[in-house]
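Reader: Before I open the viewer, I'd like a quick walk through this one. Where do we begin?

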Amino acid sequence: MSENCIFCKIVKGSLPSTKVYEDDEFFAFKDINPAAPVHILVVPKAHVVSMQDVQDDDAPWLGRMMALAPKIAAENGCRPGLQGGFRLVINNGDDGGQEVHHLHLHILGGQRPW
Ligand code: 5GP
Ligand code: ZN
């Protein structure tokens with residue numbers, strides 16, 4: 001938990017969001033400014049700034065977050081099969097275009113054009 005982090009506030013419920021998934025480790029919610037018909041953010045509940053902070057022993061939860069993404073995508077309107085699908089994005093640091101400094105996985109999908 002980081003004091004002034006908006007995603008930590010969303011995780012603990014002090015800032016409202018449209019939640020689509022929650023478990024012990026992760027919280028997923030709709031992006032407030034969607035860039036696609038489906039735009040979900042998945043965050044670890046623990047405050048991790050970015051992939052730049054990740055160590056070898058973070059691999060298991062990162063793997064679980066990636067394995068969770070297709071399930072959340074399917075449950076939120078991303079179409080199945082080769083003609084469906086989704087995009088997964090993690091922006092890191094200023095050069096990576098990261099605006100919120102709590103690691104988050106973007107799930108973007110829905111029928112094109114976006
Ligand atoms: P980044 O550029 O850091 O990878 O992505 C941050 C994302 O968080 C953006 O897509 C932005 O629309 C979204 N976002 C920023 N503030 C809020 C908020 O208060 N609530 C929600 N649901 N999304 C937010
Ligand atoms: Zn945070």
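Author: Let's begin with a term: buried means under 20% relative accessible area, exposed means over 50%, and partly exposed is anything in between (1.4 Å probe, protein chains only). Residues count from 1 along each chain as written, while chains are lettered from A and ligands numbered from 1 in the order written. This is a predicted model, so local features need pLDDT of at least 70 and side-chain atom pairs pLDDT 80 or more, totals for chains, interfaces and linings use all residues, and side-chain values use heavy atoms without hydrogens or water.

Reader: Is Lys19 buried or partly exposed?

Author: The relative accessibility of Lys19 is 47%. Buried would need under 20% and exposed over 50%, so Lys19 counts as partly exposed.

Reader: What residue forms a salt bridge with Lys19?

Author: A salt bridge puts a side-chain nitrogen of Lys or Arg within 4 Å of a carboxyl oxygen of Asp or Glu. For Lys19, the closest N and O atoms of the pair are 2.7 Å apart. The partner is partly exposed, at 36% relative accessibility. That partner is Glu22.

Reader: How many residues apart in sequence are Lys45 and Glu22?

Author: These two form a salt bridge, with the closest N and O atoms 2.8 Å apart. Lys45 sits in the loop between β3 and α2 and Glu22 in strand β1 (residues 19-22), so the pair ties together separate parts of the sequence. (Helices, H or I with at least four residues, and strands, E with at least two, are DSSP runs numbered from the N terminus.) The gap is 23 residues.

Reader: Which residue forms a salt bridge with Arg64?

Author: The closest N and O atoms of that pair are 2.7 Å apart. It links distant parts of the chain, 39 residues apart, with Arg64 in helix α2 and its partner in the loop between β1 and β2. Arg64 is partly exposed at 41% relative accessibility, and the partner is too, at 28%. The partner is Glu25.

Reader: And how many salt bridges does the structure hold?

Author: Some of them share partners, joining Lys19, Glu22 and Lys45 into one network. Arg64 with Glu25 is another pair. The total is three.

Reader: On to the ligand. How many residues surround ligand 1?

Author: Here a residue is near if one of its heavy atoms lies within 4 Å. The closest are Asp31, Asn91, Glu99, His104 and His106. The full count is 16.

Reader: How much of ligand 1 does the protein bury?

Author: Polar contacts (N or O pairs within 3.5 Å; within protein, one atom must be able to donate a hydrogen and the other to accept it, and sequence neighbours count only if both atoms are side-chain ones) include Ile32, where a backbone N or O atom lies 3.3 Å from a ligand nitrogen. A polar backbone atom of Val100 is 2.9 Å from a ligand oxygen, and a polar side-chain atom of His104 lies 2.8 Å from an oxygen of ligand 1. Taken alone, ligand 1 exposes 520 Å² (Shrake-Rupley, 1.4 Å probe; for residues, only the protein chains shown count as cover). The share the protein buries is 84%.

Reader: The side chain of His106 makes a polar contact with which side chain?

Author: His106 lies in strand β5. At a relative accessible area of 11%, His106 is buried. The contact is 2.8 Å, and the partner is His39.

Reader: Which element gives the most to the largest nonpolar core?

Author: Such a core is a set of buried Ala, Val, Leu, Ile, Met, Phe, Trp, Tyr and Cys residues joined through side-chain atoms within 4.5 Å. This one has 17 residues, and those with the most contacts inside it include Phe26, Trp61 and Ile107. β2 (26-30), β3 (38-44), α2 and β5 (105-109) each give two or more residues. With seven residues, the top contributor is α2.

Reader: Last one: what is omega for the peptide bond that joins Arg112 and Pro113?

Author: Most peptide bonds are trans. This one is cis, and Pro113 is found in the segment after β5. Its omega is about 5°.
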